[in-house]
Amino acid sequence: MPAVTDTGFVEMRLRKVVGIGSAEGEVSSVVVLDGVSEDRHLPIQIGETEAFNLSCTLTGIEFARPMSPQFAAGLLHALGGRIRQVRIDRLMPVPAGGTAYCATVEVESAAGVELVDARPSDALNLVALVPAPIFVAQEVLAEAERQGDSAEAVRLRRALEAEQMTVLQASPDR
């Protein structure tokens with residue numbers, strides 16, 4: 001079986017989660033992936049809840065009770081499975097125009113290897129808790145780069161320079 005990097009994928013790692021404002025005053029949450037051995041970057045807009053969970057994991061904030069990603073990681077562990085890899089491997093047109101990224105999580109268990117379809121935000125939240133390699137298809141990276149100087153592309157590129165989103169825990173005396 002050929003390695004995923006031999007078949008058109010680039011290995012990447014989670015770098016940060018940021019909030020990016022628009023001219024209209026709206027804030028979008030963006031996760032940034034960086035190439036492991038290539039100088040490539042992929043900013044992906046994600047939902048607020050997924051960004052909150054991912055930011056907490058990346059900055060070491062823990063919850064008294066498990067949030068959805070912790071629950072999913074716990075189920076995976078309880079069933080004796082492991083994540084072999086996460087792939088952001090295709091684009092899907094969205095009704096409002098544009099495209100959305102799609103991911104596949106490769107899970108290995110006693111029953112064998114299964115491919116599970118996922119939103120990138122969910123797959124990245126899981127892989128932040130149970131480390132595994134992240135791969136992005138060349139055509140996904142090419143499409144992100146093809147966006148050029150569109151307003152959306154410029155806004156997403158601003159995420160590369162922004163600071164990691166932080167979540168502050170309240171001190172016990174407050």
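These are my notebook entries on a predicted model of a protein.

**Entry 1. Overall fold**

I began with the secondary structure. I count five helices and seven strands in the protein. Reading along the sequence, I noted the order β-β-β-α-α-β-β-β-α-β-α-α. I then looked up the radius of gyration, which is 17 Å; the globule rule gives 16 Å for 174 residues, so the protein is as compact as a globular protein of that length. The C-alpha trace spans about 55 × 50 × 35 Å along its principal axes.

I next examined burial and contacts for the whole chain. Of the 174 residues, 39% count as buried. The protein exposes about 10100 Å², and carbon and sulfur atoms supply 54% of that area. Among contacts between residues at least 6 apart in sequence, 59% join residues at least 24 apart.

**Entry 2. Nonpolar cores**

Which residues touch the most other members of the largest nonpolar core? I found L33, L42 and L124 in that role, within a core of 33 residues. Strand β1, residues 9-21, contributes the largest share of this core, with five residues. I also recorded a second, separate core of eight residues, with V18, V30, L156 and A159 among them.

I followed L124 further. Leaving aside residues up to four places away in sequence, L124 touches L14, V31, L33, L54, I88 and I134.

**Entry 3. A123 in helix α3**

I looked up A123, which is placed in helix α3, residues 120-129. Is A123 buried or exposed? Its relative accessibility is 2%, and A123 therefore counts as buried, the limit being under 20%. Beyond residues up to four places away in sequence, A123 touches V86, A103, V105 and A118. I also took the C-alpha distance from A123 to I134: the two are eleven residues apart in sequence and 9.4 Å apart in space.

**Entry 4. Helix α2 and the loop that follows**

I turned to helix α2, which covers residues 68-78 and holds L75. L75 counts as partly exposed at 41% relative accessibility. Together with F71 and L79, L75 forms a nonpolar surface patch, and the three have about 340 Å² of accessible area together.

G74 is also in helix α2. With 36% relative accessibility, G74 counts as partly exposed. I recorded 9.6 Å between the C-alpha atoms of G74 and V130, although these residues are 56 apart along the chain.

I then moved to G80, in the loop between α2 and β4 (82-93). G80 is exposed, at a relative accessible area of 53%. Where residues up to four places away in sequence are not counted, G80 touches E108 and S109. For G80 and G97 I noted a C-alpha separation of 40 Å over 17 residues of sequence.

**Entry 5. Salt bridges**

How many salt bridges does the structure hold? I recorded eleven, and I examined several individually.

The first pair I took was D34 and R15, whose closest N and O atoms are 3.4 Å apart. D34 lies in strand β2 (residues 27-35) and R15 in strand β1, so this salt bridge ties together parts that are 19 residues apart in sequence. As to accessibility, D34 counts as buried at 12%, whereas R15 is partly exposed at 36%.

I next looked up R119 and D122, whose side chains meet in a salt bridge at 2.9 Å, N to O. R119 counts as partly exposed at 44% relative accessibility, and D122 is partly exposed with a relative accessible area of 35%.

For R146 and E143, I noted a side-chain salt bridge at 3.1 Å, N to O. Both residues are in helix α4, residues 138-146, and they are separated by about one helical turn because they are three residues apart in that helix. R146 is exposed, with a relative accessible area of 57%.

My last item was a network of salt bridges, in which E38, R40 and E145 are linked.

Conventions
Residues numbered from 1 in each chain as written. Predicted model: local features only at pLDDT ≥ 70, side-chain atom pairs only at ≥ 80, totals over all residues. Heavy atoms only, no water. Patch = residues over 30% accessible without salt bridge, like charges linked within 9 Å, V, L, I, M, F, W, Y side chains within 5 Å. Areas by Shrake-Rupley, 256 points an atom, 1.4 Å probe, with all protein chains shown as cover. Salt bridge = Lys/Arg side-chain N within 4 Å of Asp/Glu carboxyl O. Helix = DSSP H or I, 4+ residues; strand = E, 2+ residues; numbered from the N terminus. Buried < 20%, exposed > 50% of the residue type's maximum accessible area, 1.4 Å probe, protein only. Core = buried A, V, L, I, M, F, W, Y, C linked by side-chain atoms within 4.5 Å. Contact = heavy atoms within 4.5 Å. Rg over C-alpha atoms; globule rule 2.2 N^0.38 Å.
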